[in-house]
Amino acid sequence: MTEFCPTIWPEEQTPDQLKHCRDCGLYQHGTRMVWGEGNPMAPILIVLDNPGAREDRENKPYICGTRHTLQRALNEVGLTANDIYVTYILKRRPTKAYDKNRTREICRNHLIEQLNEKTPQLIVCLGNVAVQSFFQNSEVDVKSLRGSFHTIHGYETTVAYHPLAVRRRPNLWHYFIDDWKLIAERYFK
Ligand code: SF4
């Protein structure tokens with residue numbers, strides 16, 4: 001096991017035809033679009049709710065708490081940055097109230113196109129927002145689905161808690177690690 005040291009993963013540029021997407025109205029919130037980060041052709045694709053900030057107030061790149069906790073768990077189960085690509089249900093971070101269901105439904109189409117281009121081996125949805133949006137079912141949650149694999153949109157998919165939830169509730173860390181161990185076992189088998 002290598003010593004843990006979080007790194008800034010490279011950002012994948014938004015495709016030219018979507019750089020100015022205004023389909024869902026989130027452009028009015030003033031946050032920039034983040035298409036994804038990590039290895040764009042990685043076998044494991046993580047789906048989060050929306051991008052966190054990649055730059056601080058002085059516009060310098062930094063590693064937010066979500067990335068820090070996620071990378072720590074990956075390191076603990078032997079996965080590397082090369083194995084992972086991270087993307088989002090929404091490609092922009094909302095900063096005020098918005099129509100959640102409609103917005104997620106619109107931007108999910110971009111996610112499905114992304115998947116069909118990348119064809120990952122495994123998908124991991126982190127947190128209830130990502131899970132419910134990706135599974136298109138508001139009744140499901142991490143607690144009831146974690147620890148097993150499901151075929152969603154044609155891809156082998158599993159779920160785990162959102163890294164920020166794990167930071168806020170340290171008692172979730174061992175569940176988070178158990179889930180990442182399961183993912184690593186599936187991947188390395
Ligand atoms: S969040 Fe998605 S649908 Fe909304 S503007 Fe960005 S890419 Fe378009």
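Here are some notes on this predicted model, going from the sheet outward to the helix, a loop and the ligand.

1. Overall sheet. The backbone of the fold to look at is an open sheet of seven strands, and reading across it gives β1-β2-β4-β3-β5-β7-β6, with mixed pairing. At the edges sit β1 (11–12) and β6 (150–152); each has a single partner strand, so one side of each has no neighbour in the sheet. As a reminder, strands of a sheet pair through backbone hydrogen bonds, in either a parallel or an antiparallel sense.

2. The antiparallel pair. Strand β2 (residues 36–38) and strand β4 (residues 84–88) run antiparallel and are joined by two bridges. If you want a residue pair to click on, take Gly 38, whose bridge partner in β4 is Tyr 85.

3. Strand β3. This one covers residues 44–48, and five of its five residues are buried. Ile 44, Ile 46 and Leu 48 point one way, while Leu 45 and Val 47 point the other way, and all are buried. On one pairing, β3 meets β4 in the parallel sense over five bridges, with Ile 46 partnered by Val 86 of β4. On another, four bridges join β3 to β5, again parallel, and here Ile 46 stands opposite Val 124. So Ile 46 is a handy residue to start from when tracing the sheet, because β3 sits between β4 and β5 in the strand order.

4. Strand β5. Residues 122–126 make up β5, which is mostly covered: four of its five residues are buried. Besides β3, β5 pairs with strand β7 (residues 155–160), in the parallel sense and over four bridges. Cys 125 stands opposite Val 159 in that pairing.

5. Helix α1. Does the geometry of this helix look stretched or as expected? At 1.5 Å a residue, the 12 residues of α1 (residues 65–76) should span 16 Å, and the end C-alpha atoms are 17 Å apart, which agrees. The buried residues of α1 are Thr 66, Arg 67, Thr 69, Leu 70, Gln 71, Ala 73 and Leu 74. Their cover includes β4, α5 (163–168) and α6 (173–188). Just after the helix, Gly 78 takes a positive phi of about 85 degrees.

6. An exposed loop residue. Asn 59 belongs to the loop between β3 and α1. Is Asn 59 buried or exposed? Asn 59 has 7 other C-beta atoms within 10 Å, which makes it exposed. Between Asn 59 and Leu 145 there are 38 Å in space, C-alpha to C-alpha, and the two are 86 residues apart in sequence.

7. Around the ligand. Which residues come nearest to the ligand? Of the 14 around the ligand, they are Cys 21, Asp 23, Cys 24, Lys 91 and Cys 107. By class, the shell holds nine nonpolar, one polar and four charged residues.

8. The annotated domain. An unreviewed UniProt entry places "domain: Uracil-DNA glycosylase-like" at residues 35–181. Over that stretch the chain is 39% helix and 18% strand, and the end C-alpha atoms are 27 Å apart.

How values were computed
Residues numbered from 1 in each chain as written. Predicted model: local features only at pLDDT ≥ 70, side-chain atom pairs only at ≥ 80, totals over all residues. Pairing = 2+ DSSP bridges. UniProt positions renumbered as here; feature names shortened; annotations may be inferred. Near = placed C-beta within 6 Å. Nonpolar A, V, L, I, M, F, W, Y, C, P; charged D, E, K, R; others polar. Expected span 1.5 Å × (residues − 1). Buried ≥ 20, exposed ≤ 12 C-beta atoms within 10 Å, placed from the backbone. Contact = placed C-beta atoms within 7 Å.
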